[in-house]
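Hi there,

I'm passing a structure on to you, as promised. Have a look at it first, and then read my notes below.

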Amino acid sequence: GGNVILSGGNTNSGSSVGVVRLLGGSNTQGDTENTDNIGMIEINDSINIQLKAGGSETGDGGSVSIESGSSSSTNTGSVSIGSKASESGAASGIVTLQSGDSTSSNTGEIAIRSGTSSASKAGNVIINGGQNIGSGEAGNVILSGGNTNSGSSPGVVRLLGGSNTQGDAENTDNIGMIEINNINIQLKAGGSETGDGGSIAI
């Protein structure tokens, strides 16, 4: 079939090039140049892409969903988010995954997990620091609980083993756990209702 190509105008001077902008409709009156409350995809300055959901003054703000395609016969599609490799000797781009700030309520949660499998093996979650194939240092992996300036408790870092028994996700009685809580470190093996309890080997 035929192609559909949308292109901003070029310029030979130092002026800005044309912008390509796709806007959702709005149910509030206002300035048409104000895109705060509508979803938008914008390609500007010829190299930048902005993908933005709309805001709301009365309800929840808009969402952004990026999802691969399904398949009825083989694997579903992949979703890849990353910065491009540097070919100039400079540093490659930073990839930031962050929820928004809040002044009066909770900030958003960030969940990274693989899907559920009902027949075969569930997917792994792998977090690796970058490797160095030359003479420099390799990357670190740092997990840190959140800080607080008040008298409230700081964030906890907790590593949990999986469980083969159903139950409350907050109940850690039957799973192995390493917890760093403020200045304390807890190392605990899981219990068992049918066999021996878990062991700790140091």
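**What lines the largest pocket**

The lining of the largest pocket is made up of 14 nonpolar, 14 polar and 3 charged residues. Before going further, please keep in mind that this is a predicted model. The space in that largest pocket comes to about 2,200 Å³. It is lined by 31 residues, and those closest to the centre of the pocket are Leu97, Ile110, Ala111, Ile112 and Ile127. If you wonder how one finds such places at all, rolling a probe the size of a water molecule over the atoms shows where empty space is left.

**The overall picture**

How many helices and strands does the protein have? There are 0 helices and 6 strands, and reading along the sequence gives the pattern β-β-β-β-β-β. The radius of gyration is 24 Å, while the globule rule gives 17 Å for 202 residues; the value is well over the rule, so the protein is more spread out than a compact globule. You can also see this chain in terms of its extent: the C-alpha trace spans about 75 × 50 × 50 Å along its principal axes.

Of the 202 residues, 7% count as buried. The accessible surface of the protein is about 17,600 Å², and carbon and sulfur atoms account for 44% of that. As for contacts between residues at least 6 apart in sequence, 5% of them join residues at least 24 apart.

**Three residues to look up**

Start with Arg158, which sits in strand 4 (residues 156–160). Is Arg158 buried or exposed? Neither label fits, because its relative accessible area is 38%, which makes Arg158 partly exposed. Try finding Ile180 next: Arg158 and Ile180 are 22 residues apart in sequence, yet their C-alpha atoms are 6.4 Å apart in space.

Next comes Asn182, in the loop between strand 5 (177–181) and strand 6 (184–188). Why does Asn182 count as exposed? The reason is its relative accessibility of 53%, as the cut-off for exposed is over 50%. The backbone of Asn182 deserves a look too: its phi is near 60 degrees, which is a positive value in a residue other than glycine. For background, most residues other than glycine have a negative phi.

Last is Gly191, in the segment after strand 6. Gly191 has a relative accessibility of 32%, so it counts as partly exposed. Which residues does Gly191 contact, leaving aside its neighbours within four places in sequence? They are Asp173 and Asn174. With Asp173, Gly191 has a C-alpha to C-alpha distance of 5.9 Å, and the two are 18 residues apart in sequence.

Enjoy exploring, and write back with any questions!

Best wishes

Key. Residues numbered from 1 in each chain as written. Predicted model: local features only at pLDDT ≥ 70, side-chain atom pairs only at ≥ 80, totals over all residues. Heavy atoms only, no water. 1 Å grid on protein atoms, 1.4 Å probe; cavity = no way out; pocket = protein on both sides within 12 Å on 5 of 7 lines; lining within 4 Å. Points joined across faces, edges and corners; volume = space filled by probe spheres on them. Nonpolar A, V, L, I, M, F, W, Y, C, P; charged D, E, K, R; others polar. Helix = DSSP H or I, 4+ residues; strand = E, 2+ residues; numbered from the N terminus. Buried < 20%, exposed > 50% of the residue type's maximum accessible area, 1.4 Å probe, protein only. Rg over C-alpha atoms; globule rule 2.2 N^0.38 Å. Contact = heavy atoms within 4.5 Å. Areas by Shrake-Rupley, 256 points an atom, 1.4 Å probe, with all protein chains shown as cover.
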